[in-house]
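This report examines a protein model through its helix packing, its annotated site and selected backbone features. The reader is invited to inspect the sequence and coordinates before proceeding.

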Amino acid sequence: MKRSGLGATLLLALVAPLMAHSSDNLVVYGYQCRKGLCQKVELSEQNFAEAISLPVCRLFCGSSIGTVWPKPTGAVRLDSLMRQVDISFIDFNFNGTIVRKEKLWKAAENRWMDLLDAKIPDRKILARGGYRMSVNINTPDDGAPAKLTLDTDESYVLDIDTDESGHVLANITANNFFGARNGLETLAQLIVYDDIRREVQVAANASISDAPVYKWRGLLLDTSRNYYSVKSIKRTLEGMALVKLNTFHWHITDSHSFPLEVSKRPELHKLGAYSQRQVYSRRDVAEVVEYGRVRGVRVMPEFDAPAHVGEGWQHKNMTACFNAQPWKDFCVEPPCGQLDPTVEDMYNVLEDIYETMFGQFDADVFHMGGDEVSTSCWNSSRTIQTWMKQQGWGLETADFMRLWGHFQTNALGRVDKVANGTNTPIILWTSGLTEEPFIDEYLNPERYIIQIWTTGADPKVKKILERGYKVIVSNYDALYLDCGGAGWVTDGNNWCSPYIGWQKVYDNSLRSIAGDYEHHVLGAEGAIWSEQIDEHTLDNRFWPRASALAERLWSDPVQGWRSAEARLLLHRERLVENGLAAEAMQPQWCLQNEHECPIDAYDAQAA
């Protein structure tokens, strides 16, 4: 058995490993920990014994939390000692409760082994031998279903030690599958590939107690403007698992396309999808939902209404301003389209859509959209005008807000019908309906969660919070990750430019946005609206910026982005290692020469 640590003398000579492998696999550089920084050194016979690989050095040098991402919130003990792991002898041991959920746990185990496999660049040169490893999972025997909800405790405790027989023991204690899964994610980050000794190594002695600050930690993906394959959606879910994000907000339909199969209304996807190859079938949805569950991610659907509908609704006579021109008079982007709240049969169609979504996604929260309703669109319909006058209403803005309230009340009734009266929490976007006085007339704070998409400094946010509403933050000035492209309906740049760097995402403090009402904040979501993005550019728009969001939501760090930069550079390599085409942050030289790229790094250190 071999072991290595910072400064530990290894019973190895320099010449042996260099001669044992071809020049293609030659390692010329190693690292030494000096004054809390990993410094790159050219390997020689004199320094080889103390030189270590970059991942090992960065795990222990200058940080009490190593390279774990996101930063743990509880006590961390990480001794500077590594042990080689024999990857052929890794055992998973579960307590008695897990038998009932064997398929779920087996899938989590297989994924974890895949994470280890991804660390090894070439199995042909992997050093043999090492410690056997046992991963022990301990959760209560409560028989509860493995379903993530707003009340799920995602905390865990991870302990790593070695027993008398020479086994590395990794013990994870949690209250449920989701907490244990988070512990497994952290354990995987404490295992590295040492390219000097060609070994898989694990932190030999460690203890981490960890729990998220915010319960809602999400990403939104719009699959209507452009279609995304199931494979690309799974890749996003994999990235979310790597950083302990827990909610995939699936904005699955919009006015541009209706790609979801609704069994009772097949005309919606047949008329509304871009092609019949670009439809999410029942099987596709089930596959995505289960893939997310294994990775600790709830998949929550959104059916945005009464605006943002169009394709798929042809021939129903249930919409207003369908693909109207000039579009700028009726909606914020082409094609236009809104539901007509005065058509009673329209609510029957909604009920069938809701029934499909509740049946397939089994989410504990449902998103009803509700943004960017155009009163001019409704006012362009003689049918709607006539109905409103018959009610004794006028045709002023307040009257159309009343029409919107009528829609929301009736649509919510259909949600409750398919949800069997469970009073499922409902999310709505900030909009005209969430402003005074309409929010007080039509939206119950005990029932509705408001998703904020205005700027973080918008005074309307405080007005929502002080009324007691729970909120999810997606302020576009920090969390709209599609910003910064070219204009697509005009020249110049798109509406929310400039491009948002990971630093701004990281420093987007929810406490600062909410002020005295921070306890009403469930969490946040980063969003990709897909007018100018598809699956071919998806990864580098989300990653590693979504990782910056993940640490903000899991840890709510007091320190700003500079304290996380070196760790995120290494984490970005981990994303790439696991198949995500994450955007490059700096030249690779900066990764290998810690602290030498930030322009004021040494001034800050001296201060």
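In this predicted model, helix α3 passes helix α4 in a right-handed crossing. The residues that make this contact are Leu104, Trp105, Ala108, Arg111, Trp112, Leu115 and Lys119 on α3, together with Phe177, Ala180, Arg181, Leu184, Glu185, Leu187 and Ala188 on α4. Sorted by class, the α3 and α4 contact comprises 10 nonpolar and 4 charged residues, with no polar ones. Helix α3 spans residues 102–119 and α4 spans residues 177–189; their axes are 10 Å apart and the packing angle is about 15°. Since angles under 35 degrees count as roughly parallel, α3 is roughly parallel to α4.

**Packing around helix α11**

Two further helix pairs share α11 as a partner. Helix α8 (residues 344–361) and helix α11 (residues 397–418) have axes that come within 9 Å and cross at roughly 45°. The arrangement of α8 relative to α11 is therefore oblique, and α8 passes α11 in a right-handed crossing. On the α8 side, the contact involves Glu344, Met346, Tyr347, Asn348, Leu350, Glu351, Tyr354, Glu355 and Phe358. On the α11 side, it involves His406, Phe407, Asn410, Ala411, Arg414, Val415, Lys417 and Val418. The class composition of the α8 and α11 contact is 9 nonpolar, 3 polar and 5 charged residues.

Helix α10 (residues 382–390) also approaches α11: the two axes come within 12 Å and cross at roughly 95°. Angles of 65 to 115 degrees count as roughly perpendicular, so α10 is roughly perpendicular to α11. Here Ile384, Trp387 and Met388 of α10 meet Asp399, Phe400, Leu403 and His406 of α11. By class, the α10 and α11 contact holds 5 nonpolar residues, 1 polar and 1 charged. His406 is listed in the contact of α11 with α8 and is also listed in its contact with α10.

**Annotated span and active site**

An unreviewed UniProt entry carries the annotation "domain: Glycoside hydrolase family 20 catalytic" for residues 214–556. The end C-alpha atoms of this span lie 8 Å apart, and the span is 38% helix and 13% strand.

UniProt, again in an unreviewed entry, places the feature "active site" at Glu372. Glutamate 372 sits in the loop between β17 (366–367) and α9 (375–379). With a relative accessibility of 31%, glutamate 372 counts as partly exposed. Neighbours within four places in sequence aside, glutamate 372 is in contact with Ala307, His308, Val332, Gln338 and Trp453.

One of these partners, His308, has a notable backbone angle: its phi is near 60°, a positive value in a residue other than glycine. Histidine 308 lies in the loop between β14 (298–302) and β15 (319–320), and it is buried, with a relative accessible area of 9%.

Trp453, in contact with glutamate 372, is also a contact partner of tyrosine 476. Apart from sequence neighbours within four places, the other partners of tyrosine 476 are Thr454, Thr455, Cys483, Trp495, Cys496 and Ile500. Tyrosine 476 is found in helix α14 (residues 476–479) and counts as partly exposed at 25% relative accessibility. Its C-alpha atom is separated by 8.4 Å from that of alanine 527, 51 residues apart along the chain.

**Loop residues and backbone geometry**

Arginine 447 occupies the loop between α12 (438–442) and β19 (448–452). Its relative accessible area of 12% makes arginine 447 buried. Neighbours within four places in sequence aside, arginine 447 is in contact with Leu412, Asp416, Asn423, Thr424, Pro425 and Ile426.

Lysine 35, in the loop between β2 (29–34) and β3 (37–42), has a positive phi of about 55° although it is not a glycine. Lysine 35 is exposed, with a relative accessible area of 85%.

Two cis peptide bonds are set out below.

| Peptide bond | Omega | Place of the proline |
|---|---|---|
| Glutamate 436 to proline 437, cis | near -5° | Loop between β18 (426–429) and α12 |
| Serine 497 to proline 498, cis | near 10° | Loop between α14 and α15 (502–506) |

Notes: Residues are numbered from 1 along each chain as its sequence is written. This is a predicted model: local features need pLDDT of at least 70, side-chain atom pairs count only at pLDDT 80 or more; totals for chains, interfaces and linings use all residues. Side-chain values use heavy atoms; hydrogens and water are left out. UniProt positions are given in the numbering used here, feature names are shortened, and annotations may be inferred rather than shown by experiment. Helices (H or I, at least four residues) and strands (E, at least two) are DSSP runs, numbered from the N terminus. Axes are lines fitted to C-alpha atoms, for helices over the stretch in contact, and angles run from 0 to 180 degrees between N-to-C directions. Angles under 35 degrees count as roughly parallel, over 145 as roughly antiparallel, 65 to 115 as roughly perpendicular and the rest as oblique. A crossing is left-handed if the near helix is turned anticlockwise from the far one by less than a right angle, and right-handed if clockwise. Contact means heavy atoms within 4.5 Å. Ala, Val, Leu, Ile, Met, Phe, Trp, Tyr, Cys and Pro count as nonpolar, Asp, Glu, Lys and Arg as charged, and the others, Gly among them, as polar. Buried means under 20% relative accessible area, exposed over 50%, partly exposed in between (1.4 Å probe, protein chains only).
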